[in-house]
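Here's a walk through the fold of one protein chain, from the overall picture down to individual turns. Have the viewer open as you read.

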Amino acid sequence: MITLLSHLSYVAITTPDVEASVRFYEEQVGLTVVDRIGDRVYLRCWGDYYRYSLVIVPGEEPGLETAAWRTSSAEALEEAAKRVAAAGAEVEWFDGPAIGRAFSFVGPWGHRLTLHWDAEHYRETSGDAASIYPDRPSRRSTVAGAPRQLDHVTIAASDVDAFTQWYRDVLGYRIMARTVLDEAPISVFSVLTTNEKSHDLGVVLDGSTRAGRVNHFAFWVDTREELLIAADTLMENGVPIEYGPSIHGIGEQNFLYYREPSTLRIELNTGGYRNYVPDWEPRTWTPSLGSNNLYRNGAMPMSMTESFPSADGPSATEEGVPDDIKDALLNPYAVQGRG
Ligand SMILES: [Fe+2]
């Protein structure tokens, strides 16, 4: 298959209080509003190469409206549309702001993806936001630990392996690794990529019957020091850190998770390997090998299994992940003597 996709270009999220979320991304994450079109707000990181990487959309519940990938060429966009249609998904063409002709489709597990080739390349050439360096779309943010750019999105699906195979077969994502429970042959997590990063798409097991949910999306900072400064600054600003800073085994990225006002989970990442191997065989991890935590010590908090929107509607508090799977994920180090 020709290479169809190049990288994740933006995510559009829903939130019940758009202005509260926008304020949070500006003040606590360090993003900048570039456009307001109707009731949608478009934001960018200082180093994003295109006009925006985050769209905030009003909605009853926190969730993912769409995740968008840029194709590798105009021809690849047409080919991707053909392949998605042949796989049985409805291809919906539209014209999007700063991306031109694009299409979206809802995949088999209910997630809407958008693909586009055209993209407005961003560069501030004058004024306060202009960078003194030619490679930078705009100057470095003055918010401590502000991410350079969007990194990945991690969704939730009821069959992790079937999900990754569908996206590999239809659109050419490389499957890099997966986590199978120590106790049972159940895939609970997997990562896919369209480039040299360990992932720009992740998938966690969703035990609920609600389709199209998202677990988190992530931004990239250049260094571990910036990640630690971001953690420190968030704490000083009264923003609780849900998990981290630590290092994932899979992908080997430094990570840090926190929540925005809608309760949607944000991750900051840095580091990690680069992998260019076109015929890479996906590796299989277990939680006790350190798939989520390289140091094999810090248990993941229960709250990390929460995906969005909540499994049973706006008033639900219980998640749909079965208890035995939840226990195995939360206490992987009870199973020792491996690896
Ligand atoms: Fe992540």
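## Ground rules

Two strands count as paired if DSSP finds at least two bridges between them. The elements themselves are DSSP runs numbered from the N terminus: helices are H or I with at least four residues, and strands are E with at least two. With that settled, S14 and S15 run antiparallel and are joined by four bridges.

This is a predicted model, so local features need pLDDT of at least 70 and side-chain atom pairs count only at pLDDT 80 or more, while totals for chains, interfaces and linings use all residues. Residue numbers start from 1 along each chain as its sequence is written.

## The chain as a whole

The protein chain has five helices and 17 strands. Its radius of gyration is 19 Å, close to the 20 Å that the globule rule gives for 339 residues, so the chain is as compact as a globular protein of that length. For reference, that radius is taken over C-alpha atoms, and the rule is 2.2 Å times the number of residues to the power 0.38. Along the principal axes, the C-alpha atoms fill a box of roughly 60 × 50 × 45 Å.

Of the 339 residues, 46% are buried. Buried here means 20 or more other C-beta atoms within 10 Å of the residue's own; exposed means 12 or fewer, partly exposed is in between, and C-beta atoms are placed from the backbone. Among contacts with a separation of 6 or more, 67% come from residues 24 or more positions apart. A contact needs two C-beta atoms, placed from the backbone, within 7 Å.

## The nine-stranded sheet

Nine strands make an open, mixed sheet, ordered S14-S15-S16-S13-S9-S12-S11-S10-S17. At its edges sit S14 (241-247) and S17 (283-285), each pairing on one side only. From one strand to the next, the twist averages 20°. Axes are lines fitted to C-alpha atoms (for helices, over the stretch in contact), and angles between N-to-C directions run from 0 to 180 degrees.

Now look at S15. Six of its seven residues are buried, so to speak of it as mostly covered is fair. S15 (residues 253-259) runs antiparallel to S16 (residues 265-271), with seven bridges between them. In that ladder, Gln 253 has Gly 271 as its bridge partner, and Asn 254 stands opposite Thr 270. On the S14 side, Asn 254 faces Ile 247.

Both of these connections are hairpins. S14 and S15 have five residues between them, and Gly 251 in the turn has a positive phi of about 85°. The S15 and S16 hairpin also has five residues between its strands, with Thr 263 at a positive phi near 90°.

## Helix H3 on the sheet

Which strands does H3 lie across? Helix H3 (residues 160-171) crosses S9 (149-157), S10 (174-180), S11 (187-193) and S12 (201-205), and runs at about 15° to S11. At 1.5 Å a residue, its twelve residues should span 16 Å, and the end C-alpha atoms are indeed 16 Å apart. That expected span is 1.5 Å times one less than the number of residues.

The buried residues of H3 are Val 160, Phe 163, Thr 164, Tyr 167, Val 170 and Leu 171. Seen down the helix axis, they fall within an arc of 150°, so they line one face. The arc is that of the directions from the axis to the C-beta atoms. An α-helix has 3.6 residues a turn, so residues three or four places apart point the same way. The cover over the buried residues of H3 includes S1 (5-15) and H2 (74-86), along with S9, S10, S11 and S12. Just after H3, Gly 172 takes a positive phi of about 85°.

## Helix H1

In H1 (residues 18-29), the end C-alpha atoms are 15 Å apart, which agrees with the 16 Å its twelve residues should span. Ser 21, Val 22, Phe 24, Tyr 25, Gln 28 and Val 29 are buried in H1. They pack against S1, S2 (32-37), S3 (40-44), S4 (54-58), H4 (224-236) and S16. Gly 30, just after H1, has a positive phi of about 95°.
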